[in-house]
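Trainee: Got a minute to walk through a model with me? I'd like to start with the charged side chains and then move inwards.
Mentor: Sure, pull it up.

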Amino acid sequence: MGGSCPAVLIWGCTIGWQHNILHLYEYFWSPRTDPQVHLVTEMLGMDLRDWFKSRPQPLTERVASEVAKRVLSAIEFCHDHGVMHRDLKPDNILFKVGTLR
């Protein structure tokens, strides 16, 4: 069973979009047959943890501050709208080259 965004799963559909937050397009869930929720999101390249590991050199202050600024901006947006991310870690910060979400 498909659906448009449930409030408990994605805040972008209930409080508007923010450019540093992953876009959820649809979800699939059937509690009778499958206890897992399957999310259809925009395609992104890698997570922050993998990106850290793949870098040949440490981050410069400028790059580190830009990453921190974008992550904190997304968290602030969520908190301003009463939404908390309960599993915030580098593995859950996704991005594609040139963007961070």
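Trainee: Which residue forms a salt bridge with Asp87?
Mentor: Lys89 does, with the closest N and O atoms 3.5 Å apart. Keep in mind that this is a predicted model.

Trainee: Are those two buried or exposed?
Mentor: Somewhere in between. Asp87 is partly exposed at 39% relative accessible area, and Lys89 also counts as partly exposed, at 35%.

Trainee: How many salt bridges does the structure hold?
Mentor: Four. One of them joins Asp91 and Arg49, whose closest N and O atoms are 3.7 Å apart. That pair links distant parts of the chain, 42 residues apart. Asp91 sits in the loop between α3 and β5, while Arg49 belongs to helix α2.

Trainee: And how accessible are Asp91 and Arg49?
Mentor: Asp91 has a relative accessible area of 28%, so it's partly exposed. Arg49 is at 38%, which makes it partly exposed too.

Trainee: What does Glu66 pair with?
Mentor: Arg70. Their side chains meet in a salt bridge at 2.6 Å, N to O. The two are four residues apart in helix α3, so about one helical turn separates them. Arg70 is partly exposed at 27%, and Glu66 is partly exposed at 30%.

Trainee: Which residues are linked with them in a network?
Mentor: Lys69 joins in: Glu66, Lys69 and Arg70 are linked in a network of salt bridges.

Trainee: OK, moving inwards. What's in the largest nonpolar core?
Mentor: Eight residues: Leu48, Trp51, Val63, Val67, Val71, Ile75, Ile93 and Phe95. Helices α2 (48–54) and α3 (61–80) each supply at least two of them. α3 gives the most, with four residues.

Trainee: What else is there by way of cores?
Mentor: There's a second, separate one of five residues, including Ile21, Ala74, Phe77 and Val83. As background, nonpolar side chains in soluble globular proteins tend to be buried together.

Trainee: Back to Trp51 for a second. Which ring does it pair with?
Mentor: Phe52. Their centres are 5.9 Å apart, with 35° between the planes, and the pair is tilted. The count of aromatic pairs here comes to one.

Trainee: Why does Trp51 count as buried and Phe52 as partly exposed?
Mentor: It comes down to the cut-off: buried means under 20% relative accessible area, and partly exposed runs from there up to 50%. Trp51 has 17%, so it is buried. Phe52 has 37%, so it counts as partly exposed.

Trainee: Switching to the strands: how do β2 and β3 pair?
Mentor: In the antiparallel sense, over five bridges. β2 covers residues 24–30 and β3 covers 34–41. The two form a hairpin with three residues between them.

Trainee: What stands opposite Glu26?
Mentor: Val40, in β3.

Trainee: And which surface patch is Val40 part of?
Mentor: A nonpolar one, formed together with Tyr25 and Phe28. The three have about 270 Å² of accessible area together.

Trainee: Why is Val40 counted as partly exposed?
Mentor: Because its relative accessible area is 33%, and the partly exposed range lies between 20% and 50%. So on β3 you've got a residue that stands opposite Glu26 and also contributes to that nonpolar patch on the surface.

Methods. Residues are numbered from 1 along each chain as its sequence is written. This is a predicted model: local features need pLDDT of at least 70, side-chain atom pairs count only at pLDDT 80 or more; totals for chains, interfaces and linings use all residues. Side-chain values use heavy atoms; hydrogens and water are left out. A nonpolar core is a set of buried Ala, Val, Leu, Ile, Met, Phe, Trp, Tyr and Cys residues joined through side-chain atoms within 4.5 Å. Buried means under 20% relative accessible area, exposed over 50%, partly exposed in between (1.4 Å probe, protein chains only). Two strands pair if DSSP finds at least two bridges between them. Rings of Phe, Tyr and Trp (its six-membered ring) pair if their centres lie within 6.5 Å; planes under 30 degrees apart count as stacked, over 60 as edge-to-face and the rest as tilted. Patches are made of residues with over 30% relative accessible area and no salt bridge: like charges are joined within 9 Å, nonpolar side chains (Val, Leu, Ile, Met, Phe, Trp, Tyr) within 5 Å. Accessible areas come from the Shrake-Rupley method with a 1.4 Å probe; for residues, only the protein chains shown count as cover.
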